Amino acid sequence: MDLLVVDDEETLRSVVSQVLSADGFTVSEAASGEEALEAFRAGSHQLVITDIRMGGMSGIELLNEIKSHNPDTQVVIMTSHASLDSALTALRAGAYDYLVKPFESLDLISAVAGRAAEKARLVAQNRKLLEQLTKANRELQEANQALKEVAVRDGLTSLYNHRYFQEAFAQEVARSKRFDKRCSLIFFDVDNFKHYNDTHGHPEGDRLLKGLAQIVMSHSRACDVAARYGGEEFVLLLPETGKEGAVKAAEEMRARVAAHPFAGRESQPLGRVTVSVGVASFPEDGGEAQALLERADQYLYQAKNSGKNRVVAGGATPSSPA
């Protein structure tokens, strides 16, 4: 253990250093508080033994500087019988112990230094243990967060899964009712997806679904909830969005999908990969989550039955693709 002995009296400093060197410490010396502080900041001393009265910086001032730099460093104050009050002040300021000069026995120096060194070792061990526990706790939190994400994400597309969507949708409708807000639901699926799978195989079909998910995620707001509802069906929950804004978002999404160069799109019945979309909004299309979902599903099938690749949003005429 590195130890720093500080005293402006060379003889006493030398005696203390020799005793502690014999005890196995790696000892450095300083003849003043200023010199000691410079050495302390440049080194790695776990233990400092300093006289309390020195020319210039006092032992108390040095103690305060050391503790502000590294609170774990153990400091032992050397004082005379006439300065015991100062020693008590040092203890209240964070000193580990004190030695009274002249020393009754050199063994007393070893005993006090040994106890201080043991305290320094225990503090260092506790600090290391705390760091390890903090790291382990952080890693556990990260692992739990990762597991939580896995539990709510669809394995293929990385969108939210059906269960998470149902919970988020119910909460959003309840929030909208409580605060008199609007929210909308976009329900869509891939047109002629079975034909695509039969023509190109299921791996290509999976790639198409992942590409579609990327389009949805890259053009959604942070507050939106995009989920894979099941198979080739998807939903997009738009908080605080009325029918007009939801229809606009649905049209933009439909157009992006139709324009995207999916592999093998030319073999599809419409000559490209397309989606049919239903849009339902709270409160005009329903006052509860289940009613809104059923209405959006109905609008989706109206879009399917009226030619596909279009958006239906209630009583309006289904929009035709550009």
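Strand 3 (residues 47–51) and strand 4 pair in the parallel sense, with five bridges between them. The model is predicted. Strands 3 and 4 belong to an open sheet of five strands in the order 2-1-3-4-5, with parallel pairing. Another open sheet of five strands has the order 7-8-6-9-10 and mixed pairing.

**The parallel sheet**

- Across the pairing of strand 3 with strand 4, Asp51 stands opposite Met78 of strand 4.
- Strand 4 (residues 74–80) is also joined to strand 5, by five bridges, and these two strands run parallel.
- Ile77 has Tyr98, in strand 5, as its bridge partner.
- In the open sheet with the order 2-1-3-4-5, strand 2 (26–30) and strand 5 are the edge strands, and each of them pairs on one side only.
- Neighbouring strands of this sheet are turned against each other by 20 degrees on average, with direction ignored.
- Strand 5 (residues 97–101) is mostly covered, since four of its five residues are buried.

**Helices on the parallel sheet**

- Strand 3 and strand 4, joined over five bridges, are among the strands that helix 1 touches as it packs on the sheet; the others are strand 1 (2–6), strand 2 and strand 5.
- The direction of helix 1 makes about 170 degrees with that of strand 2.
- Helix 4 (residues 84–92) lies across strand 4 and strand 5.
- Relative to strand 5, helix 4 runs at about 165 degrees.

**Helix 1 against helix 5**

- Two packed helices are described by the angle between their axes and the distance between the axes.
- For helix 1 (residues 10–22) and helix 5 (residues 106–152), the axes come within 10 Å and cross at roughly 60 degrees.
- The crossing of helix 1 with helix 5 is right-handed.
- On the helix 1 side, the residues in contact are Val15, Val16, Val19 and Leu20; on the helix 5 side, they are Leu106, Ile109, Ser110 and Ala113.
- By class, the residues of this contact are seven nonpolar, one polar and no charged.

**The mixed sheet**

- Strands of a sheet pair through backbone hydrogen bonds, either parallel or antiparallel.
- In the sheet with the order 7-8-6-9-10, the pairing is mixed.
- Strand 7 (225–230) and strand 10 (311–312) stand at the edges of this sheet; each has a single partner strand, so one side of each is left without a neighbour in the sheet.
- Strand 6 (residues 183–190) and strand 8 (residues 233–239) run antiparallel and are joined by seven bridges.
- Phe187 has Val235, in strand 8, as its bridge partner.
- Helix 10 (residues 289–305) packs on this sheet and touches strand 6, strand 7, strand 8, strand 9 (275–282) and strand 10.
- The direction of helix 10 makes about 150 degrees with that of strand 9.

**Helix 8**

- Helix 8 (residues 202–218) has 17 residues.
- From its first C-alpha to its last, helix 8 reaches 24 Å, close to the 24 Å expected at 1.5 Å a residue.
- The buried residues of helix 8 are Gly205, Leu208, Leu209, Gly211, Leu212, Ala213, Ile215 and Val216.
- These buried residues of helix 8 pack against four strands and helices named here by number: strand 6, strand 7, strand 8 and strand 9 on one hand, helix 7 (193–200) and helix 9 (243–259) on the other.

**Cis peptide bonds**

- Lys101 and Pro102 are joined by a cis peptide bond, with omega about -5 degrees.
- Pro102 lies in the loop between strand 5 and helix 5.
- Phe282 and Pro283 are joined by a cis peptide bond as well, with omega about 10 degrees.
- Pro283 lies in the loop between strand 9 and helix 10.

**Positive phi in the loop before strand 10**

- Lys308 is in the loop between helix 10 and strand 10.
- Phi of Lys308 is near 65 degrees, a positive value in a residue other than glycine.
- Lys308 counts as partly exposed because its relative accessibility is 24%, and the partly exposed class lies between 20% and 50%.
- Asn309 is found in the loop between helix 10 and strand 10.
- Phi of Asn309 is near 50 degrees, again a positive value in a residue other than glycine.
- Asn309 counts as buried because its relative accessibility is 3%, and buried means under 20%.

Methods
Residues numbered from 1 in each chain as written. Predicted model: local features only at pLDDT ≥ 70, side-chain atom pairs only at ≥ 80, totals over all residues. Heavy atoms only, no water. Axes fitted to C-alpha atoms, helices over the stretch in contact; angles between N-to-C directions. Left-handed = near helix turned anticlockwise from the far one by under 90°. Contact = heavy atoms within 4.5 Å. Nonpolar A, V, L, I, M, F, W, Y, C, P; charged D, E, K, R; others polar. Pairing = 2+ DSSP bridges. Buried < 20%, exposed > 50% of the residue type's maximum accessible area, 1.4 Å probe, protein only. Expected span 1.5 Å × (residues − 1).
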